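User: Please take a close look at the aromatic ring pairs, then follow the chain from there to the cavities and the annotated positions. Plain wording is enough.

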Amino acid sequence: MSNDVFAPSAAFVAQANADESRYKAMYEASVADPAAFWGEHGKRLNWIKPYTKVKSTTFDYHNVSIKWFEDGQLNVCANCVDRHLGRGEKTAIIWEADDPKLSKRISYRELYENVSRFANVLHGMGVKKGDRVILYLPMIPEAAYAMLACARIGAVHSIVFAGFSPDALADRVEGAGAKLVVTADEAPRGGRNTALKANVDKALKRVGGDVKTLVVKRTGGDVAWDAERDNWLHEEMERVSDHCEPVAVNAEDPLFILYTSGSTGKPKGVVHSSGGYLLYAAMTHEYVFDVKDDDVYWCTADVGWVTGHSYIVYGPLANGATTVMFEGVPTYPDAGRFWEVCAKHGVTIFYTAPTAIRALMAKGVEFVQKHDLSKLRLLGSVGEPINPEAWHWYNKNVGGERCPIVDTWWQTETGGILISPLPGAVAAKPGSATLPFFGVRPVVLDEKGEEIAATECEGVLAIADSWPGQMRTVYGDHDRFVSTYFEMFKGYYFSGDGCRRDKDGYYWITGRVDDVINVSGHRMGTAEVESALVAHPKVSEAAVVGYPHDIKGQGIYCYVTLMDGEPYDDALKTELRNWVRNEIGPIASPDVIQWAPGLPKTRSGKIMRRILRKIAENETGSLGDTSTLADPSVVEELIANRAG
Ligand code: 6R9
């Protein structure tokens, strides 16, 4: 833990949306009377029917219920689009294609027309308020149009990351009970095209039922076509009007479902609300990123993840900002692409993930130095703890030591940023997410679930009261919502992360305390990879753990036991790697596979992952208590044959 402190410059503070005293005053007001605070700030949105009730929330285990602005009605799309038509020529989205020669600017007026048409197309295909629509798309403007079009008619979108396999897509189509999948012919990334439409064809073969598709022509590549089921977006868009009245939805009506990994095998459908979510995304975006009217703001995430939802689309557009959407990857055509894009579009605020910083750091600083980054004034980080080496590299080479860095801690479940410095108010310490946002009450709990009163401490991170952006339920399974987040530590929202609090009250996230690993900033349940492995006919058992990885943060280490009589040969390792990629997607590709003719188990048959983690980390000198092992020789054998 580094003790360096980096305060913002006086010049930055002078222009900031919040300085230290403003942050403190607003924070204190927000926790002293959350209903009054959010009731006031809720007015930043346009309400069709104003709310009279602000906060009705309880974390009581027997009765968990979270409602904000429950009697208010609004339309999320109108708040992100129509509201800004007074200055309709302002650029809403700058789209940068995978191909560096291709980019375009979409004004708020153009956004309005495209989204309205798109909404009419959805209507025409029979999509109604409350229906679920799956989006499986590249990072193209149509992804934002589709999200906003769903919101305009009150439909619920569920985005599936375009890197997921047909099987993972099928699970989500089924899970959400969707009748429409919006996709593209192909997704260009890093100079290669992924056949999205072909993946949808495979997925829908498995799903059956009457699921239609709406297809964006992105590359013009060959696709199979079923005239009964498939529809070209551009053809449908021509047939409809560019006016579509936004419908009133209740503040608590779902805006979207996003599937995310948990500690069990099955991803959960995180449900977010319309009113509270949008307010929280907009407020955090304005204050954490210190956004001003003339900023060019770029979040490099994919809309397939929550970061893309809140900080490419909903937060920035609700604030009338200019948001960059990037289709490509950081290393194509070369490792200077991020910086080339920053220079080309005059990016002022840049938000990315530590894994990208580490990967670019490894390519050498020449790639940064070639480009003019003088417009940048603020940097952000999200997805995992940022290691101090990456922080310093980012600060020096990208930020020119003049840009504050906001290290933003949050989760799919939280809807928006919960812990982060406000850049003009809170001095950064490399590796710490620092202090809570307005209305957020972090607590550190000991293993008995007691709040630790001492400022300096270490334990698990929980939140003591609700905030408007909090998820409302797990889609179709409220019991799972309650048992995952409110059962283990009664009266709190349990984050699943461990943390330390230092003498200044700063929070330092230490990583997951459950069986979720963080691979390149993407959440992966070890149980998901295990169930993919054991689905292979030659595998009898598998145990998966994370281990430290230089670029990815954590890598995927798999211990695999084969069926009796199957020979343990290395060709099978490649086959298993490909198998997992096919079952889940390339992001779940195992980094290490170690043959494990036996796994360390307790006498009751539970796999002792703690030991497997130590072996994967090569910390075999400190295995801890092994007295409950049924067969200690298994461990010696695994150590002797350690892979990698
Ligand atoms: C937004 C997002 C959530 C998990 C979270 C934590 C890790 C995210 C972090 C961070 C340390 C940060 N995490 N941001 N850890 N510092 N600034 O990433 O959502 O994909 O749901 O992942 O990511 O472990 O619990 P999600």
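Analyst: There are 43 aromatic pairs in this predicted model, where rings of Phe, Tyr and Trp (its six-membered ring) pair if their centres lie within 6.5 Å, and planes under 30 degrees apart count as stacked, over 60 as edge-to-face and the rest as tilted. One of the pairs joins Tyr280 and Phe437: the ring centres are 5.7 Å apart and the planes stand at 85°, so the pair is edge-to-face. Tyr280 sits in helix α10 (residues 275-288) and Phe437 in the loop between β20 (405-408) and β21 (442-445), so 157 residues separate the two partners. Here helices (H or I, at least four residues) and strands (E, at least two) are DSSP runs, numbered from the N terminus. Tyr280 is buried, at 0% relative accessibility, and Phe437 is buried too, at 2%; buried means under 20% relative accessible area, exposed over 50%, and partly exposed in between, with a 1.4 Å probe and protein chains only.

Another pair is made by Tyr568 and Trp595, with centres 5.4 Å apart and planes at 70°, so this pair is edge-to-face. Tyr568 lies in the loop between β29 (553-562) and α18 (570-583), while Trp595 belongs to strand β30 (residues 592-595), 27 residues apart. Tyr568 is partly exposed at 31% relative accessibility, whereas Trp595 is buried at 12%.

Ring pairs also form a cluster, which holds Tyr23, Tyr27, Phe37, Trp38, Tyr280, Tyr287, Phe437 and Phe438. Tyr280 and Phe437 are thus met again here.

Trp595 leads on to the cavities. It lines the second largest cavity together with Pro597, Gly598, Val634, Glu637, Leu638 and Asn641. That cavity holds about 40 Å³ of space. A cavity is a set of points on a 1 Å grid over the protein atoms alone where a 1.4 Å probe fits but cannot get out, and lining residues have an atom within 4 Å of a point. Helix α20 (residues 633-640) gives the most to this lining, with three residues. By class, the lining has four nonpolar, two polar and one charged residues.

The whole structure contains four cavities of 30 Å³ or more, and the largest has a volume of about 50 Å³. The lining of the largest cavity consists of Val76, Cys150, Ala151, Gly154, Ala155, Val249, Asp253, Pro254, Leu255 and Ser274. Both α6 (141-153) and β14 (254-260) supply at least two of these lining residues. Seven residues of this lining are nonpolar, two polar and one charged.

The last part concerns annotated positions. An unreviewed UniProt entry places the feature "binding site" at Val534, His536 and Val539; such annotations may be inferred rather than shown by experiment. Val534 is in helix α17 (residues 526-534) and is partly exposed, at 38% relative accessibility. Not counting residues up to four places away in sequence, Val534 touches Val539, Ser540, Glu541 and Ala542, where contact means heavy atoms within 4.5 Å. His536 is in the loop between α17 and β28 (539-549) and is buried, with a relative accessible area of 3%. Leaving aside neighbours within four places in sequence, His536 is in contact with Leu572, Glu575, Leu576 and Trp579.

Residues are numbered from 1 along each chain as its sequence is written, and side-chain values use heavy atoms, with hydrogens and water left out. Local features need pLDDT of at least 70 and side-chain atom pairs count only at pLDDT 80 or more, while totals for chains, interfaces and linings use all residues.

Methods
1 Å grid on protein atoms, 1.4 Å probe; cavity = no way out; pocket = protein on both sides within 12 Å on 5 of 7 lines; lining within 4 Å. Points joined across faces, edges and corners; volume = space filled by probe spheres on them. Nonpolar A, V, L, I, M, F, W, Y, C, P; charged D, E, K, R; others polar.
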